[in-house]
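This report covers the strand pairing, the helix packing and the aromatic contacts of one chain. The sequence and structure come first.

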Amino acid sequence: MSALNASIPTLPLFADGVHLDTPELLACQELARALPDLRSQARAGMAGHRASQIKGRGMEFAEVRQYQKGDDVRTIDWRVTARTGKTHTKLFVEERERPVLLLVDLSHSLYFGSTLMLQAVQLCHLATTLGWRAIGHGDRIGALIASEHEHLELKPRSRKSGMLQLISALTEVHRHQLTAFDATPRDPEHLLRACQRLERIAKPGSLIWLLSDGSGFSEACVGPLMNLKRHCELGAYLVTDPLRDGRLPMPDNLALPVREAGKEKLLDRRGYQTWLERQRAQAKAFEHLTQRLGIALKTVDAGQPLSAQLDILR
């Protein structure tokens with residue numbers, strides 16, 4: 001964690017930039033309301049507010065395509081299968097709430113903040129804003145919160161019950177992470193295991209957001225994420241900090257305390273440049289990974305309140 005003097009923007013309502021509590025995450029509902037409504041097909045006021053674009057089980061036939069691993073065998077189209085010699089399945093437009101899953105990376109690398117707030121706090125603001133937006137569209141919200149010591153799975157729920165479980169889990173994991181830098185056993189593969197677990201729990205047709213600083217994702221994550229992309233829609237947000245991407249001017253007599261790989265360091269000007277190159281390389285590697293997967297990547301700055309970056313969420 002680091003703090004530098006700079007022109008400090010205004011913190012969000014109820015926030016102190018380090019800790020996390022329920023009122024500030026409840027306030028993110030106003031951010032979600034400020035976002036434009038997604039294009040939808042209004043159809044019913046009961047199970048969801050719109051007809052989903054999901055191709056899955058339902059009443060309305062959509063199309064026939066080649067069978068893929070994970071498809072329901074009960075929907076195999078035997079006529080097309082017999083005619084083509086390859087297994088095909090029927091797809092239907094589902095009329096239900098779409099599951100929206102958040103892979104929330106709360107690794108210790110995100111407990112860094114130079115200007116306004118910790119990257120982890122900004123990431124939680126982003127997660128709850130996306131959650132409120134999903135609930136506002138009549139979808140169900142769930143999450144997999146990943147840290148070095150645990151994975152917390154939240155099954156998709158609708159309406160406020162889904163948001164309340166998300167807010168409660170985020171505040172609890174964040175509180176633990178703030179106090180467990182030394183006690184927590186480090187697991188360098190915890191995000192790989194999170195991707196593998198997400199592959200098992202995500203149902204076809206789900207919308208999945210990856211929220212991270214990108215430093216914990218490795219090449220091994222490509223496999224499970226690629227499998228997820230075959231059945232789900234994926235998007236990603238990279239949460240950055242002005243100091244970690246080199247946007248803040250540094251004095252010549254620099255003495256910057258940072259924590260890296262579980263160890264505290266005091267960086268001089270030369271050490272900062274080396275450290276900065278590693279930070280940029282990690283962010284670039286995550287960007288390259290999303291490009292390989294064909295996932296749209298958006299960047300959110302922890303040096304500015306999310307209310308000043310709503311165009312990114314549109």
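Isoleucine 141 stands opposite arginine 157 in β8. In this predicted model, six bridges join strand β7 (residues 140-146) to β8, and the two strands run antiparallel.

Both strands belong to an open sheet of six strands, in the order β8-β7-β6-β9-β10-β13, and the pairing in this sheet is mixed. Its edges are formed by β8 (151-158) and β13 (296-301), each of which pairs on one side only. From one strand to the next, the twist averages 15°.

Further along the sheet, β9 and β10 run parallel and are joined by six bridges. Here leucine 211 stands opposite tyrosine 237 in β10. The connection between these strands involves a helix: β9, α7 and β10 make a right-handed β-α-β unit. On to the edge, β10 and β13 are also joined by six bridges and run parallel, with glycine 235 opposite alanine 296 in β13.

How many of the eight residues of β10 are buried? Seven are, so β10 is largely enclosed by the rest of the structure.

Two helices that lie across strands of the sheet are α4 and α5. Helix α4 (residues 119-136) lies across β6 (99-105), β7, β8, β9, β10 and β13, and runs at about 150° to β10. Helix α5 (residues 159-179) lies across β6, β7 and β8, at about 165° to β8.

The aromatic residues add a second set of contacts. A pair of aromatic rings is described by the distance of the centres and the angle of the planes. The structure holds four aromatic pairs, including the two tabulated here.

| Aromatic pair | Centre to centre | Angle between planes | Class |
|---|---|---|---|
| Tryptophan 209 and tyrosine 237 | 5.2 Å | 45° | tilted |
| Phenylalanine 217 and phenylalanine 286 | 5.0 Å | 45° | tilted |

The pair of tryptophan 209 and tyrosine 237 links distant parts of the chain: tryptophan 209 is in strand β9 (residues 207-212) and tyrosine 237 in strand β10 (residues 233-240), 28 residues apart. Is tryptophan 209 buried or exposed? Its relative accessibility is 16%, and the cut-off for buried is under 20%, so tryptophan 209 counts as buried. Tyrosine 237, which stands opposite leucine 211 in the pairing of β9 with β10, is buried with a relative accessible area of 0%.

The pair of phenylalanine 217 and phenylalanine 286 also links distant parts of the chain, with their positions 69 residues apart. Phenylalanine 217 is in the loop between β9 and α7 (222-229), whereas phenylalanine 286 is in helix α8 (residues 269-293). Phenylalanine 217 counts as buried at 10% relative accessibility. Phenylalanine 286 is buried as well, with a relative accessible area of 1%.

Which residues form one aromatic cluster? They are Phe112, Tyr272 and Trp275. One of these rings also has a charged neighbour: the charged end of arginine 244 sits over the ring of phenylalanine 112, at 5.8 Å from its centre.

Taken together, strand β10 recurs in this description. It pairs with β9 and with β13, helix α4 lies across it, and it holds tyrosine 237 of the pair with tryptophan 209.

Technical notes
Residues numbered from 1 in each chain as written. Predicted model: local features only at pLDDT ≥ 70, side-chain atom pairs only at ≥ 80, totals over all residues. Heavy atoms only, no water. Phe/Tyr/Trp six-rings, centres within 6.5 Å; stacked < 30°, edge-to-face > 60°. Helix = DSSP H or I, 4+ residues; strand = E, 2+ residues; numbered from the N terminus. Buried < 20%, exposed > 50% of the residue type's maximum accessible area, 1.4 Å probe, protein only. Lys NZ or Arg CZ within 6 Å of the ring centre and 35° of its normal. Pairing = 2+ DSSP bridges. Axes fitted to C-alpha atoms, helices over the stretch in contact; angles between N-to-C directions. Contact = heavy atoms within 4.5 Å. Right-handed = clockwise from strand over helix to strand, strands pointing away.
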